[in-house]
Each structure stands twice: as structure tokens, then as C-alpha cells.
Amino acid sequence: ARVPRGSGLSDPALTRNEIRNGEARGAAAGVLPTYWGFSTGDGLTREITGGGVEAGMSYVEVRFSGTPTVNYAALNFESATQIAASEGEVWTASYLYKLIAGSMSNISSLAVRLAQHQASPTGTVTAPDSQWRRASFTRTISDTTPDSARLRPALFLALTIGQPIDMTLRVGNAQLEKAATASRYIPTQSAARSRGPGACVDGSA
């Protein structure tokens, strides 16, 4: 879960959350958070069913239901052209998640995707249950070309065509940072935000 306000916990190195709206602001039933979006998922109903705050953490609830005609669906935490990357850089994407309704039935895996236009590797995470869990995935950027030097982090579902699904997740604390591991969450609402070495994490925006 999110670090409590005033805890005084710190990180030793400079880091920056490049996702402009990790707090999922702007979300409402039927309305995606600002800058977020869905990818593919043909045949499915993909919808934001609500949002709120739990233990000081902002979240959205997203439902995927129906019978897919493609083999994946994704909830993107940024636009496709916002975050620039260079050859050899190491990046880590992360988010918090838990199961609210439905199940993983007919869903092959839940993952973190860190797409690079022409390459979209994923890292499989623990199946969701009623507990908050942090998903993270780290990759080294390679084979960048003018049309693939942008990163797009996402929650990713691997599906089987023709097999119906119905699952609702609560999702929050979306983060993408140029680092080899996931650091404490840096809240963002409308722009990327940095945290300097030793800075306290107070949950403020």
C-alpha cells in the first residue's frame, strides 16, 4: 500500500515518475483518468466503473468483460508519444492492484507492459486477490529507431480468443522511472515529478 503521510521514509537516489497522472485524476464511471487509455481488447467491454481513495491512495476501478476476438487487452497509463527513451537506458514500470469482482478465469496472465512501439515486452505478476499488491517490470531499451524511442507503461491482460472473461480490478500508484528497480511511489496529477536523494515521501501531489 501507499507510504503513509509523514512517515519520513526516504530513497537514496534521485528518481522521477514520468507518468503525468499517477493519481488517476479525472476518472469517473465511464470516464478514463486524464492521459490514460485502453488498447485493443476487441470483443470486450472495457470500462472505468468508478474511483476513490483507500488508505490515502487514489485509485480507479476497471472492468474487462465479454468474449475477446484478440489475445490481449491493456490499460495504458500514458499516451504513446509522451515519454522519450534512449538506447541502453534501464526503465521500471509499476502499479498497485487488487481484485474487486470476477476472477482470472480464462485470463492467461496479468502483467506490466512497457511498450516501445515496435516491441512490447511484459512482465507477469501475481494473480490478483483481495490484497493490494505492487506489480513491477524492468527492461533495458534496445533497437530504438525514430518511431520506437517512446515508452508506454500499461496494465496488460493475456487472453484466449473466444473464451469469455469478467474481472474488475482496483488500480493505483502508476509509476514509470528510469531506474533498475521500482522506488517508492511519487504522486503525480498533471505532470511528471521528481524526488531528490533523501527526500521524504509524504504522499503530497
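Let's start with two neighbouring strands: E3 and strand E4, which covers residues 57-66, pair in the antiparallel sense over 10 bridges. Keep in mind as you look around that this is a predicted model. To find one spot along the pairing, pick out Ile-48 and look across to E4, where Val-62 is its bridge partner. If sheets are new to you, here's the basic idea: the strands of a sheet pair through backbone hydrogen bonds, and they can do this in a parallel or an antiparallel way.

Now zoom out a little. E3 and E4 belong to an open sheet of five strands, in the order E3-E4-E12-E7-E10, with antiparallel pairing. Which strands sit at the edges? They are strand E3 (44-54) and strand E10 (133-140), and each of them pairs on one side only. The sheet isn't flat, either: from one strand to the next, the twist averages 30 degrees.

Go back to E3 and E4 and look at the side chains this time. Arg-63 and Glu-47 meet in a salt bridge, at 4.0 Å from N to O. Arg-63 lies in strand E4 and Glu-47 in strand E3, so this pair ties together parts that are 16 residues apart in sequence. Are these two buried or exposed? Neither, quite: Arg-63 counts as partly exposed at 29% relative accessibility, and Glu-47 is partly exposed too, with a relative accessible area of 29%.

Arg-63 has another partner as well. Asp-166 forms a salt bridge with Arg-63, and here the closest N and O atoms are 2.8 Å apart. This pair links distant parts of the chain, with Asp-166 in strand E12 (residues 165-177) and Arg-63 in strand E4, 103 residues apart. Asp-166, at 34% relative accessibility, also counts as partly exposed.

There are further salt bridges to hunt for. Glu-54, Glu-61, Lys-98 and Arg-170 are joined into one network by salt bridges that share partners. Elsewhere, the side chains of Glu-18 and Arg-16 meet in a salt bridge of 3.1 Å, N to O, and Arg-16 counts as partly exposed at 35% relative accessibility. How many salt bridges does a search of the whole structure find? The count comes to 10.

Next, move over to strand E8, which spans residues 107-115. Most of this strand is covered, as eight of its nine residues are buried. E8 runs antiparallel to strand E11 (residues 150-159), and eight bridges join the two. You can spot this pairing at Leu-114, which stands opposite Pro-153 in E11. E8 also runs antiparallel to strand E9 (residues 122-124), this time joined by three bridges. Here the place to look is Arg-113, which stands opposite Thr-122 in E9.

Finally, follow the chain on from E9. In the loop between E9 and E10 you'll come across Ala-127. Ala-127 is partly exposed, with a relative accessible area of 44%. Which residues does Ala-127 touch, leaving aside its neighbours within four places in sequence? It is in contact with Met-104 and Arg-133. Try finding Leu-110 too: this residue is 17 residues from Ala-127 along the chain, and their C-alpha atoms are separated by 6.6 Å. Since E10 is one of the edge strands, the loop that holds Ala-127 brings you back to the five-stranded sheet.

Definitions and conventions
Residues are numbered from 1 along each chain as its sequence is written. This is a predicted model: local features need pLDDT of at least 70, side-chain atom pairs count only at pLDDT 80 or more; totals for chains, interfaces and linings use all residues. Side-chain values use heavy atoms; hydrogens and water are left out. Two strands pair if DSSP finds at least two bridges between them. Helices (H or I, at least four residues) and strands (E, at least two) are DSSP runs, numbered from the N terminus. Axes are lines fitted to C-alpha atoms, for helices over the stretch in contact, and angles run from 0 to 180 degrees between N-to-C directions. Buried means under 20% relative accessible area, exposed over 50%, partly exposed in between (1.4 Å probe, protein chains only). Contact means heavy atoms within 4.5 Å.
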